[in-house]
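This report reads through one model, step by step, with the sequence and the structure at hand. Please keep both in view while following the text.

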Amino acid sequence: MNRHFRSRRAVGIAAASALALTLTACGGNDAGRGGDAAEGAPSPGITDDSVTLGITTPLSGATAGPGTCTVAGIQAYFGAKNAEGGVEFGDGQTRTVEIEALDDGYDPQQAAANYDQLKNDVFAMTAGLGTPTNRAWRDAAIADEVPQVLIMTGDPLFSDTEQSPWQLGFVPIYQNEGEAFGELLAESGEEHKVAILSQNDDYGEGYVEGFKSAVEGADNIEIVEELTYEATDTSVDAQITELANSGADVFFNAMSITPLVISALQKAQQLNWLPSWFLPSNTSSPGAILQPGGAEAFPGIYSVSFAKAPQSPAFAEDEDVQAYLAALKEYGDYQDPPAFPHCQWSWMVGATLDQAFQEMTEPTRENFMEALRSIEGYQAPLMLEGTSVTTTEDNQPAVSTVNVQKYNGQGYDTVESFG
Amino acid sequence: MEKFVQLVVDGLSTGSVYAALALAIVLVHSATGLINFAQGGMAVLAAYFAWWLTNQGLPLIVAILLSIVFSFVLGAAVERWLMRRFERGDPDTAIVVTVGLLTLITGIAGWLWSYNNQQFESLFPLDTVSFLGVSVSVRSIGTTLVIVAAMILLQLLFVRTKLGLALRAVAINPQSAAFSGLPVGRLLMVGWGLAAVLGAVAGALVAPRLTLTPGMLDNALVYALAAVILGGLTSPFGVVIAAWLIGVLENLAAVYVPFIGFDLKVAVPFILIFVVLLVRPQGLFGRKTVVRV
Amino acid sequence: MASSSKTSGPAASASTSSAPSSSALSFKQRPWVRWGAPLLLLVGLAVLPLVMTESTNDTLARIGVFAVAVLGLNVVMGYTGQVSLGQIFFLGLGAYVTAYGVSQEWNIVLVFALTCLIPAVAGLVVALAAARLGGLAIAMVTVALPIVGVPLAKRLSDYTGGSQGLSARFVEAPEGSGLYDDQWQLYIVLVVGGIVFLLTSLLVRGKYGRAFAIVKGNENVASSMGISPYRYKVLAFTIASLIGGVSGFLYMVVVQYTSPETMSFGHSIELLVAMVIGGAGSIVGSILGGAFYVVVPDITNAIDPSLTALLQGALLLAVLFVLPGGLVSLPRAVMRGLRRSTAGRGSAAPPTTPSPTAGSGSATENPETERQGHV
C-alpha cells in the first residue's frame, strides 16, 4: 500500500478546488506510478525470505478443469520446497515461494483486471492458462516490465523474443507438436490418406499448420478431408461420420476438449472406422481419455509428449511420479489423479522457476528474466528422456522438443517410426 | 445416401440430449410459468450424487434411483425456500434467480467433487447396432427410448390426470387456483420436484456421453431452450420433436450447406426459430393463448 | 465503493420518476439541492481520477464500461420490457470496430462514430426482424447474437484477428497533461459514459420513455393509444445496440484487447444479471449493475479464488432475496424497515413476496401476465 504516496498528498487538499488538485497531481507525477525502483533495488513481490508469484487462470467455468491444474501443480511443487525450508536463490538468500492465484473464468477482461491487481504485489506472473486471457494483458506486462513467463499457451507470440521481451511460453507451440507427428508420417514412406478434425481457433490452426508444413512435398501423404468443430459443441458425431466416409487411414485430431475426444473415439468405432489416430499432448491421457474411449480398438494412437503420464504403469514406480502425486495431494489440494496433463506441466513450471531462482544474483525482475533465459538442457522432474527445458533459443518456448509416442494399451512408448 | 441417413441418425442422438433437458424445462414452465436456467445444473448435481453413490459401492441403478429421490426433494426445496419469493414478482428477476442458482450449483459441484473429469457408467452398453449400413449405439437407442417414454408420461400427466390439470391451473392463474381450493404451494413444489426428477434422469442418461463435469450441460442448455421455444412451451411432444429437428438440421446444414459449415451450424436452430415463430407465434406444437388486455 | 455511493446520491434525484417518498421529494426540490447536487457530483467526478490509486481507477473505469453496457440493456429490457440476451454482442462488435479502426490508424473521432453507427445499424436490422416476435421468442432470437457472433468473429479473422484477438493500446495520456494513463482512461470513460447516461436519462424521462413504458405495460393498450409497439421496440433495441457499441469502445479504452471470448454467451447472461441486480428500469441501477458485474469477481477472488462460482451464486441469490427490486431499492427498503420498526412490532412479519413498490420502475405494470400472454 505504499505505492501511491502521491495520491495521499492529493487527498489532503481534495477539498480545496479541482484546479489546485490538478496542479498537485501534475506535480506529483515525477514520483512515478507503481514506483520505478532504482537500479539493483528489489522488485515488488520479493523480500529476503520470500518471493510471491501471481497466476491468473480459469478456476471456474468451462476450462476450470485444466485451469485448476495449472495452479495445483506449481502449488504442490513449491509447497514441498517450502516444507523443506525454501528455495536457495543465487544471491545467497533462502526464500519461501508463495503463490497468489486468481480466477479469470477464461474472460480476457477479468484476466487483465487480475493482472492489474497482482502486478504490484507479485514478483512475476506465471503458469496461467489460455491464449486470449494471456494476450489481454501482454502489452501491459511489457509496459510495466512484469515477467509473464512459463504460461500455458502454445501461441507463438509469447515465445517471440523480440515482440515479447517479458514473456516466455512453457508448453511447445502448437505448430511444433503437429510438425513432429507430420514428420513421422512423412518418413514412413507408405501411402497414407489423412483426415483432419481441428478446433476452430488458434489451437487447432496451429496444429494443422505444423502438420501440413511437415507433410508438404511428401508424395506419400494426401490430406483427403479437413473439418473443424467449436469448443462449445456438445457432439462431433457428424464430423466423424463425414470423415469416416473419406476413407482416410490416418486421423489427425487436434482437439482440446476431453469429453469430445472420448466420444470421437467411441463414434469412430461405432462406424467401424479404425484409422491410426493422432492426439495432442493435452488430450491424450491414458486413464482419463483413451481407456474410456476404448482406444485399443485402433491400430495406433499417437501423441506427442514431454511429460511422464502418472497413470501409465510404466511410471507407476517412478520416483518423480510418486513425489509428484504425493505433493499434489498434500500441497496442491488435488485428491484424485488429474485427467489433465496441465498438473504435470505446472509442476515442471515450478521446477524451471526453481532453476532460474538458483541463478538469480539480484532480487530484480530484470535479473530474473536473464536467469530464466539462460537455462539450457534442463531435465525437469517428470520430463521424458530426450526432452528438456531450454530457454536460450529465440522464438521457442521453454519446452520445444517433444517425443512422438504410441499408446500400448496402458501407457505410452516413445516411437521413432510410424507403424 | 448412407452418409445422409447416418447424419440423420447422429442428429437424432444429439437431439435426444437436448430433448432430455428441454422436457424438464417445459415441466417447470408448465407448472410455474418460469424458465429455469438452473435445470441443467440441478441435473448435473443429481448425476454427481449418483456417481458418488456408485463410488460408495452401490449398483448403478440403485444409485440413479436414489438420485431421483434426492432430486425430487431438492427441486421441491428450491421451490419452497427460494423460488416462492420471486414467483409473483418480476419474471426477469425470477429468471436471474435461476441463473444465480445455476452458478451456485455449479460452484457447489466443483467444490465437492472438483473440476476434474469423471467417468459416469452407462445404463446401456456401448455396443453398436448396424442397420442398412447405418450404425447406432445401443446407448443412443436406450437414451432415446427413455426420453420418448418420459415425453409420453409427461403428456399423459398434463392431459389426463387431475394433478396435471391442477399444475397447469396454478401456472396460468395462481390466485383463482387458490380460490378454487387448490393447494397452490404444494402443487408448485410437486411441479419443481417432478421437473428435477426428469432432470436427474436426463443427467444419468447423458453423463456417460458428455463426461461428468460441473459444467456438463452448460452448452446443451442453449439448445434445450431453443427446442423449448421452437416446440412450443406447452407441449412435451412438440419439444422433443423440436430437439430432434434441431439436431438433425444442424448436421445436415453443416455438411450440405457449404456456407454454413461446422462453425456456423449453431445458427441453424435460431434461424429455424425465427422462421417458425413468424408463422406460428405459439411454436410448432404449442397451444395458442389469448392475450389479456 | 465510496465513489459509487457518492455518484448514486445526486443521480438518484435525476432518475426517480417513479414515486419517491414525499419527504425525499421535498428535500430534492429545494433549489440548492437541485443545482448544488449535480455541481458537486461534477466536481467530484472531475477530481476522482486524480485522488484514487491506480487499481481503484482501473476498477472504476471497468465499472464505467459495464455500467454503459447495462444501461443499454436497460433501455430495451428495463424500460421497454423486451428480453434481450444479446447485449454483449454489441459490446463485442463495438470493441472490434474500435480495434480494427485503430489498427488501420483511422482518426479516433471517425472510429468512435463508426463504433456508434455500426452496432446501431446491426441492432436495427436485427430488431426489424426480432421485434415481430414477442416475449421469450425475442429472447431466443437475441441469444443467437453472441452464440453466432463468436464463430463468426473467428471466421472473419482478417478483420478480427481470429481467436487470438486484437490488441489496441491507443489511449495514452497526452503529453503535457501530466496525467497517468489510468487517469486519462478514467476521464474518457467518465466523459463518454457521462454523456451517454445523461442522454439516456433524458430519453427515458421524455416522450419516448413514456411510450416505452406503455409498450412494456401492455402492447394492446399501446396500439389503442396510437403507439406502435413494433416501432418503439425497434427504436429501443437500436438505441440499446448503439449504447452497447459505445460500451465496446470504452472496453477497448480500458481493457485494450478483444477476442471472441469477449462476447461469449455467458457474459450476456451476466449483463442481464447485473441489470436485475442493479435495478431494472433505473439509471442509477445501471451504475450499480456495472459495479456488481466488475466488483463481485474481484471480491470472490479475494475471499477464495477456487470458490468463485459458489460465492458469486450465493451472493447473487442473497442480494435478490433481500432486495428483489435490485440494489437500487436499498434506500427504500431501509426506509420501510425503519418505519416498520418505529410503527411497532405488530406488522413485523416480512412479506413473502416482493411488494409492488420494490419493482422499481415497473411498479405500475404487471409484466407477468403480459409475458404469459405471449407464450
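In this predicted model, residues 220–247 of chain B form a span that is 86% helix and 0% strand, and the C-alpha atoms at its ends lie 11 Å apart. A second span, residues 190–208 of chain B, is 100% helix and 0% strand, with end C-alpha atoms that are 28 Å apart. Both spans appear in the unreviewed UniProt entry, which lists them under "transmembrane region" for chain B together with residues 6–27, 60–82, 94–114, 134–158 and 253–279. The table sets the two spans side by side.

| Span | Helix | Strand | Distance between end C-alpha atoms |
|---|---|---|---|
| Residues 190–208 of chain B | 100% | 0% | 28 Å |
| Residues 220–247 of chain B | 86% | 0% | 11 Å |

Chain B also meets chain C, in a contact that takes 43 residues from chain B and 49 residues from chain C. On the side of chain B that touches chain C, at least two residues each are supplied by helix H4 (91–113), helix H9 (218–231) and helix H11 (267–279) of chain B. The largest share of that side, 15 residues, comes from H4(B). Sorted by class, the side of chain B that touches chain C holds 27 nonpolar, 9 polar and 7 charged residues.

A single residue of chain C can be followed more closely. Leu133(C) sits in the loop that lies between helix H6 (108–130) and helix H7 (135–155) of chain C. Is Leu133(C) buried or exposed? Leu133(C) counts as buried because 22 other C-beta atoms are within 10 Å, where the cut-off for a buried residue is 20 or more. If its neighbours within four places in sequence are left aside, Leu133(C) is in contact with Leu277(B) and Pro281(B), and also with Ile138(C) and Val141(C). Val254(C), by contrast, is 121 residues from Leu133(C) along the chain, and the C-alpha atoms of these two residues are separated by 36 Å.

Chain A has a mean pLDDT of 86, and 90% of its residues reach 70 or more. Over residues 1–32 of chain A, however, the pLDDT is below 50, although this stretch has 37 contacts in the model beyond near neighbours in sequence. Elsewhere in chain A, strand E7 (residues 192–199) and strand E8 (residues 221–229) pair in the parallel sense over 8 bridges. Within this pairing, Leu197(A) has Leu227(A), in E8(A), as its bridge partner. Together with helix H8 (residues 202–215) of chain A, E7(A) and E8(A) make a right-handed β-α-β unit.

Conventions:
Residues are numbered from 1 along each chain as its sequence is written. Chains are lettered from A and ligands numbered from 1 in the order in which they are written. This is a predicted model: local features need pLDDT of at least 70, side-chain atom pairs count only at pLDDT 80 or more; totals for chains, interfaces and linings use all residues. UniProt positions are given in the numbering used here, feature names are shortened, and annotations may be inferred rather than shown by experiment. Helices (H or I, at least four residues) and strands (E, at least two) are DSSP runs, numbered from the N terminus. Two residues are in contact if their C-beta atoms, placed from the backbone, lie within 7 Å. Ala, Val, Leu, Ile, Met, Phe, Trp, Tyr, Cys and Pro count as nonpolar, Asp, Glu, Lys and Arg as charged, and the others, Gly among them, as polar. A residue is buried if 20 or more other C-beta atoms lie within 10 Å of its own, exposed if 12 or fewer, and partly exposed in between; C-beta atoms are placed from the backbone. pLDDT is the predictor's confidence in each residue, from 0 to 100. Two strands pair if DSSP finds at least two bridges between them. A crossover is right-handed if, with the strands pointing away from the viewer, the path from the first strand over the helix to the second runs clockwise.
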